[in-house]
Amino acid sequence: MRAALALARRGLGDTAPNPSVGCVIVKDGRVIGRGRTASGGRPHAEVHALAMAGAAARGATAYVTLEPCSFTGKTGPCTDALIHSGISRVVVGALDPHVKVNGSGIARLRDAGVQVTENILQKECLLVISGFEMVVKHRRPLIRLKSASTLDGKIATSTRESQWLTGAESRRAAHAMRGRHDAIMVGVGTVLADDPELTCRIEGFRTAPLIRLVVDSHLRTPLMSKLVRTARQHPLWILHRNGADKLRREALEKAGVKLIELPSSPAGIDLKVGMETLAQAGLTRILAEGGGTLAAGLLRADLVDRLAWFHAPGIIGGDGWPSAASFGVTALATMPRFVPVAQERWGDDYLTTYRKAA
């Protein structure tokens, strides 16, 4: 199962709207087939592994990180493929949370005489599909807020100088993090200040395009920005409020930008509706890299599920720009809380990861 998990993790950010699944087929102590969910979600991991195993799959054991699907979508059910191959045993990491499966895949295998073992390395398997599970259960993508700050939580000096707070090793780790998500999201303030590209610049790291999202209530993103000029090569979606300037809309759409109109809110746009809309568009995992304004908006709306915090060993002081703008916390009881998960060192910097507290 650990080998199947390693395959599943390779597909993170590459398989939306489907979860990334790994499958390993073993017979007589030897691996005869393996696969993961393909780019874009099809074919499924089991199909790849069975194709590699061929006729040798008869009597073998399949290890699958997620319960095999049992309904016909764009392709036939993986349960049928496993049954027809002659597989004698299936070891499942976790149940599929989708209402169309959720135990029916396992039941179908058992009805066909296949031995099934459930919940092997369940916790690890569920972590891999956490974005997919978030969409199924809460109708929005999983959101990881990434920040790079000084020890005192500043992301820029008073003159907005921010490149580079962290070292080259941390920046490469951040690009790998981008590659494991379906989309990267920033606020328009970051676009105006930095003119970023928002791509994963690690050659060969991913095959599916990384969707770039900008929260821009009034469509202030410059037409000559790197994001707009590359919109036909790298997808760019802008989330804006209703009633935005018609001429700006037409110009951006002509440049290849996808515009997503959302209800307005006192803070700009309704981020909760925005995230539900992005889930409907097929996104399951979003990395939010915006500045303090976007961070505050997401925290205010209780939309941050994970934190990835790079700390550079320096201090700017009170006149620097904070990692999160004010978002209304007046009592400790209302402060968003997170549980530390892991810490890594990248050069002179530390990356600490957190999950939302229950």
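Is Glu-261 buried, partly exposed or exposed? Glu-261 is partly exposed, with a relative accessible area of 43%. On this scale, buried means under 20% relative accessible area, exposed means over 50%, and partly exposed is what falls in between (1.4 Å probe, protein chains only).

A word on the ground rules. This is a predicted model, where local features need pLDDT of at least 70 and side-chain atom pairs count only at pLDDT 80 or more, while totals for chains, interfaces and linings use all residues. Residues are numbered from 1 along each chain as its sequence is written, and side-chain values use heavy atoms, with hydrogens and water left out.

**Salt bridges**

Let's stay with Glu-261. Its side chain meets that of Arg-249 in a salt bridge (2.8 Å, N to O). Glu-261 sits in strand S11 (residues 258–262) and Arg-249 in helix H10 (residues 246–254), so this pair ties together parts that are 12 residues apart in sequence. Helices (H or I, at least four residues) and strands (E, at least two) are DSSP runs, numbered from the N terminus. Arg-249 counts as partly exposed too, at 24% relative accessibility.

A salt bridge here is a side-chain nitrogen of Lys or Arg within 4 Å of a carboxyl oxygen of Asp or Glu, and a search of the whole structure turns up 10 of them. Here are three.

| Acidic residue | Basic residue | N to O distance |
|---|---|---|
| Glu-118 | Arg-110 | 3.1 Å |
| Glu-261 | Arg-249 | 2.8 Å |
| Asp-348 | Arg-345 | 3.7 Å |

Asp-348 and Arg-345 are both exposed. Arg-140, Asp-302, Asp-305 and Lys-356 are joined into one network by salt bridges that share partners. As for the remaining pair in the table, Glu-118 is partly exposed at 30% relative accessible area, and Arg-110 is partly exposed at 41%.

**The cores**

Now for the inside. A nonpolar core is a set of buried Ala, Val, Leu, Ile, Met, Phe, Trp, Tyr and Cys residues joined through side-chain atoms within 4.5 Å. The largest one has 27 residues, and Met-185, Leu-213, Met-275, Leu-278 and Leu-298 have the most contacts inside it. Helix H12 (residues 292–300) supplies the largest share of this core, four residues. There's also a second, separate core of 22 residues, with Cys-23, Ala-49, Ala-57 and Leu-82 among them.

Take Met-185 from the largest core: leaving out residues up to four places away in sequence, its contacts (heavy atoms within 4.5 Å) include Leu-213, Met-275, Ile-286, Leu-294 and Leu-298.

Pro-141 is worth a look as well. This proline lies in the loop between helix H6 (130–138) and strand S6 (142–149), and it is buried, with a relative accessible area of 0%. Its C-alpha atom is separated by 6.1 Å from that of Leu-283, although the two residues are 142 residues apart along the chain. Beyond its neighbours within four places in sequence, Pro-141 is in contact with residues including Met-275, Leu-278, Leu-283 and Asp-305.

**Helix H2**

In helix H2 (residues 45–53), the buried residues are Ala-45, Glu-46, Ala-49, Leu-50 and Ala-53. They cover an arc of only 120 degrees around the axis, so they sit on the same side of H2; the arc is that of the directions from the helix axis to the C-beta atoms. Ala-51 and Met-52, on the other side of H2, are exposed. The cover over the buried residues includes strand S1 (22–27), strand S2 (30–36), strand S3 (61–66) and helix H3 (78–85). Right after H2 comes Gly-54, with a positive phi near 60 degrees.

**Backbone details**

Two cis peptide bonds are worth checking on screen. One runs from Ala-16 to Pro-17, with omega near 10 degrees, and Pro-17 is in the loop between helix H1 (2–10) and S1. The other joins Arg-42 and Pro-43, with omega about -5 degrees, and Pro-43 is in the loop between S2 and H2.

Positive phi values turn up outside glycine, too. Arg-160 has phi near 70 degrees, and this residue is partly exposed, with a relative accessible area of 46%. Leu-219 has a positive phi of about 55 degrees, and at 1% relative accessibility it counts as buried. Look for Leu-219 in the loop between strand S9 (211–215) and helix H9 (226–229).
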